[in-house]
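Okay, thanks for coming, everyone. I'll walk you through one structure today, pocket by pocket, and then pick out a few residues along the chain.

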Amino acid sequence: MTKKILLSGIQPSGKPHIGNYFGAMKQFVDLQDQYESYVFIADYHALHSLRNAKEMRENIIGVMLDYLAIGLDPEKVTIFKQSDVSEHTELCWIFDTITTMPYLMRAHAFKDAEAKNKEIDVGTFNYPVLMAADILLYSPDIVPVGQDQQQHVEIARDIALKFNNTYGDTFKIPEHKIIKNVAVVPGVDGRKMSKSYKNTIPLFADYEEIKKCVMSIVTDSSGELPINVYSIHKLFRDEKELEKIYEEKKGKYKELKELLLEDIEKFIAPLRERRKEFEKDKSKVLEILKKGAEKAKNISSKKMDLVRERIGVKLD
Ligand code: AMP
Ligand code: TRP
């Protein structure tokens, strides 16, 4: 029986945090045996926020080490970077010609940028179309992501339908896969954990860094459940156990934070060690990326051939 297909990616825009891990990355690992998986690094997407070549290079290698350290197995999963497979940007252009501006103007990311009165570049505006190309080239059944990406997957579905209606059946319609209780992991200030809010707990933080983050979690002083501490804690310990502990230690915020610190450290320490091991052999990491790109190219170039045929630019 052939396996169903999974595709997802993350941007190399900074250090991943526990929101990225529980919201998305953990799913890639948990599902790698069950699905034929494609997991990539969205480096062209990151260009809209990162314009420094040295940092870009470091972050790309960084995401690769993160993927390996959390347990993605390159023997099972095709791991690659977007910029190595030119079909992504090529298909993006074709999708541009069937996507309207008013439609893209309804996207959250655009509306947020507009609300902040930012000078929005065309790449940011077009971000969901490139993401649609990333997804549809590989005919995935599921796209595991956090809640903030749901709309982008819906846009990919709409674009696939529009293309299929215009040119004939070409793309499989994908489903997003969002795990309910980790769809939006909160940060130390209670808002969504996000690199841009500077409220994260980095996934590979050292003990002192975790301590600083945990101690800075905002608590209210009403003596009830310190919800920001609890919401993060429940990622690391069974909720039944936690309810008891938080009842016993009602109002003792410092002790609760110390326990959370120990629980996070217990979880992160082995990941940190694994990452250090992979870090020793950068050439192996580059080799995995190269092999991944070859496999991804093989799939995506076949799909592009079909697309060229459908739109009428393929003559032989
Ligand atoms: P990004 O860092 O924006 O490339 O996000 C990578 C993945 O992590 C995407 O699937 C996001 O939806 C997911 N993600 C980011 N922040 C959170 C969060 N606070 N809670 C849950 N998932 C998240
Ligand atoms: N936009 C996603 C994010 O910020 C990253 C991404 C790019 C992606 N292309 C994708 C995720 C395709 C899933 C599928 O997290």
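**Two ligands, two domains**

Let's start with ligand 1: it has 18 residues around it, and the ones that come nearest are Gly-146, Asp-148, Val-185, Met-193 and Lys-195. Before I go further, please keep in mind that this is a predicted model.

So, which atoms pair up with ligand 1? On the side-chain end, Asp-148 puts a polar atom 2.3 Å from an oxygen atom of the ligand. The backbone joins in as well: a backbone N or O atom of Met-193 sits 2.9 Å from a nitrogen atom of ligand 1, and a polar backbone atom of Gln-11 is 3.1 Å from one of the ligand's oxygen atoms. How much of ligand 1 does the protein bury? On its own the ligand exposes 490 Å², and the protein buries 92% of that.

As for who builds that shell, helix H1, residues 18-30, gives the largest share, with four residues. By residue type, the shell around ligand 1 has eight nonpolar, seven polar and three charged residues.

Now over to ligand 2. There are 14 residues around this one, and Gln-11, Tyr-127, Met-131, Asp-134 and Gln-149 come nearest. You've heard Gln-11 already, as the residue whose backbone has a polar atom 3.1 Å from an oxygen of ligand 1.

With ligand 2, let's look at nitrogen. The side chain of Tyr-127 has an N or O atom 2.7 Å from a nitrogen atom of the ligand. For Asp-134, again a side-chain N or O atom, the distance to a ligand nitrogen is 2.7 Å. And for the side chain of Gln-149, an N or O atom is 3.0 Å from a nitrogen atom of ligand 2. In terms of area, ligand 2 taken alone exposes 370 Å², of which the protein buries 91%.

Which helix gives the most to the shell around ligand 2? That would be H7, with four residues. Strand E1, residues 5-10, and helix H7, residues 122-136, each supply at least two residues there. The split by type for this shell is eight nonpolar, five polar and one charged.

Let me zoom out to the whole chain for a second. The protein chain is divided into two domains: domain 1 covers 5-183 plus 282-311, and domain 2 covers 195-276. Their centres, taken over C-alpha atoms, are 30 Å apart. Where the two domains meet, 19 residues of domain 1 are in contact with 14 residues of domain 2.

Right, a few single residues now. Ser-194 is in the loop between strand E5, 175-177, and helix H9, 207-215. Is Ser-194 buried or exposed? Its relative accessible area is 11%, and since anything under 20% counts as buried, Ser-194 is buried. If we leave aside neighbours within four places in sequence, Ser-194 is in contact with His-17, Asn-199 and Thr-200.

Compare that with Lys-4, in the segment before E1. Lys-4 has a relative accessible area of 52%, so with the line drawn at over 50% it goes down as exposed. Lys-4 still has company: not counting residues up to four places away in sequence, it touches Tyr-35, Glu-36 and Asp-141. Then there's Ser-37, 33 residues away from Lys-4 in sequence and 8.6 Å away in space, C-alpha to C-alpha.

Next up, Thr-170, in the loop between helix H8, 150-167, and E5. Thr-170 has 7% relative accessibility, so it counts as buried. Its side chain makes a polar contact with the side chain of Arg-310, at 3.0 Å. Beyond four places in sequence, Thr-170 touches Phe-163, Asn-164, Lys-303, Leu-306, Val-307 and Arg-310.

Last one, Ala-269, which lies in helix H12, residues 253-279. At 21% relative accessible area, Ala-269 is partly exposed, because buried would need a value under 20%. Ala-269 and Leu-161 are 108 residues apart in sequence, and their C-alpha atoms are 45 Å apart in space.

To wrap up the pockets: the protein buries 92% of the area of ligand 1 and 91% of the area of ligand 2. Okay, that's my tour, so let's take questions.

Key. Residues numbered from 1 in each chain as written. Chains lettered and ligands numbered in written order. Predicted model: local features only at pLDDT ≥ 70, side-chain atom pairs only at ≥ 80, totals over all residues. Heavy atoms only, no water. Near = heavy atom within 4 Å. Polar contact = N/O pair within 3.5 Å; in protein donor to acceptor, adjacent residues only side chain to side chain. Areas by Shrake-Rupley, 256 points an atom, 1.4 Å probe, with all protein chains shown as cover. Nonpolar A, V, L, I, M, F, W, Y, C, P; charged D, E, K, R; others polar. Buried < 20%, exposed > 50% of the residue type's maximum accessible area, 1.4 Å probe, protein only. Contact = heavy atoms within 4.5 Å. Domains from an automatic or database assignment.
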